[in-house]
Amino acid sequence: MIVAGAESRPGSAAPNEDLLLVADTWALVLDGITRYPDDGCVHDVPWYTAALAEAVAVQMAGPARPLADVLAAAIDAVNARHAPTCDLANPVTPGATAALVRSGPDALEWLVLGDCAITWTDRDGKCRTETDDRLASVPSAPAVDLAGVRRWPVDHVARFRNRDGGFWVAAADPGAAAEARTGTAEGIGDLLLCTDGLTRLTERYGYAWPDLMGLAAREGAGALLDLVRDCEARDQSPNTKRHDDATAVLLRFSDHPFASL
């Protein structure tokens, strides 16, 4: 597993709430959930994502176990760090979405929780994407202004976040990890982990993953971040967040057919 590129950019002057972490045999991206006021926590979202990434790294250094178990143990470890000072029962306690991969001797293991994404090409150049679209299936509610950000009301989030029939994120409930989408893959050429600040290239701007993977293979992960910022700068759609934190990690497992194009 070779790191062909890894970059994270904030969407504004505010601190970046995305985070990436890459080791010899595994990689992780986290997308911190924009903070609600009165979330019962003395810590900010970057603290939470950093603490969760650190806890995942500790778990990865131990005996091999399923990725969902790794994530559950990491959530539990972060809980132990701030339960004495924070109300972890608060329905909008800080949390994050996640994408995690680990390379093994026979196959690659992957996990997605929330709206991060993992896309890979096989050695024939065919592309596959894994994400978690349950948030998009949740009934909407009229947005309200919360500290200058248009958000779902807290009571609506409480009905659906980490609830059956709703959507799942890494927050205070280690059981949410069991709801992650997981699987294995073989014969991988290039693989991209990204947060939803980058997946808007396909969801909002009409790009196809094979074309984006080709761009990343030729010009690096940063080219994808350049592209999404260019699209956002030209986007005149009302009532949308113009820029979002965006993160991309490009991993190479073999010579890729796009690399020479």
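In this predicted model, the side chains of E130 and R181 form a salt bridge, with N and O 2.8 Å apart. E130 belongs to strand 7 (residues 127-131) and R181 to strand 10 (residues 181-185), so the contact ties together parts that are 51 residues apart in sequence. The two partners may also be described by their surroundings. E130 is buried, at a relative accessible area of 7%, whereas R181 is partly exposed, at 35%.

**Salt bridges of the structure**

The structure holds 13 salt bridges. Side chains of opposite charge can pair when their charged atoms come close. Three of the pairs are set out below.

| Pair | Closest N to O distance |
|---|---|
| E130 and R181 | 2.8 Å |
| D190 and R252 | 2.8 Å |
| R234 and D230 | 2.9 Å |

D190 and R252 pair through N and O atoms that are 2.8 Å apart at their closest. This pair links distant parts of the chain: D190 lies in strand 11 (residues 188-194) and R252 in strand 12 (residues 246-252), 62 residues apart. With a relative accessibility of 1%, D190 counts as buried, because that value is under the 20% cut-off.

The salt bridge between R234 and D230 has its closest N and O atoms 2.9 Å apart. Both residues are found in helix 7 (residues 221-234), where four residues, about one turn of the helix, separate them. Is R234 buried or exposed? R234 is exposed, since its relative accessible area is 53% and the term applies to values over 50%. D230, at 37% relative accessibility, counts as partly exposed. Elsewhere, E7, R9 and D226 are joined into one network by salt bridges that share partners.

**The second largest pocket**

The model also contains open space between its residues. The second largest pocket encloses about 270 Å³. Which residues lie nearest the centre of this pocket? They are S12, A14, E17, T34 and D245, out of a lining of 13 residues. Sorted by class, this lining comprises five charged, four polar and four nonpolar residues.

**Summary**

Among the salt bridges described, E130 with R181 joins strand 7 to strand 10, and D190 with R252 joins strand 11 to strand 12. R234 and D230, in turn, both lie within helix 7. The second largest pocket has charged, polar and nonpolar residues in its lining.

Definitions and conventions: Residues are numbered from 1 along each chain as its sequence is written. This is a predicted model: local features need pLDDT of at least 70, side-chain atom pairs count only at pLDDT 80 or more; totals for chains, interfaces and linings use all residues. Side-chain values use heavy atoms; hydrogens and water are left out. On a 1 Å grid over the protein atoms alone, a cavity is a set of points where a 1.4 Å probe fits but cannot get out, and a pocket is an open set with protein on both sides within 12 Å along at least five of seven lines; lining residues have an atom within 4 Å of a point. Grid points are joined across faces, edges and corners, and a volume is the space filled by probe spheres set on the points. Ala, Val, Leu, Ile, Met, Phe, Trp, Tyr, Cys and Pro count as nonpolar, Asp, Glu, Lys and Arg as charged, and the others, Gly among them, as polar. A salt bridge is a side-chain nitrogen of Lys or Arg within 4 Å of a carboxyl oxygen of Asp or Glu. Helices (H or I, at least four residues) and strands (E, at least two) are DSSP runs, numbered from the N terminus. Buried means under 20% relative accessible area, exposed over 50%, partly exposed in between (1.4 Å probe, protein chains only).
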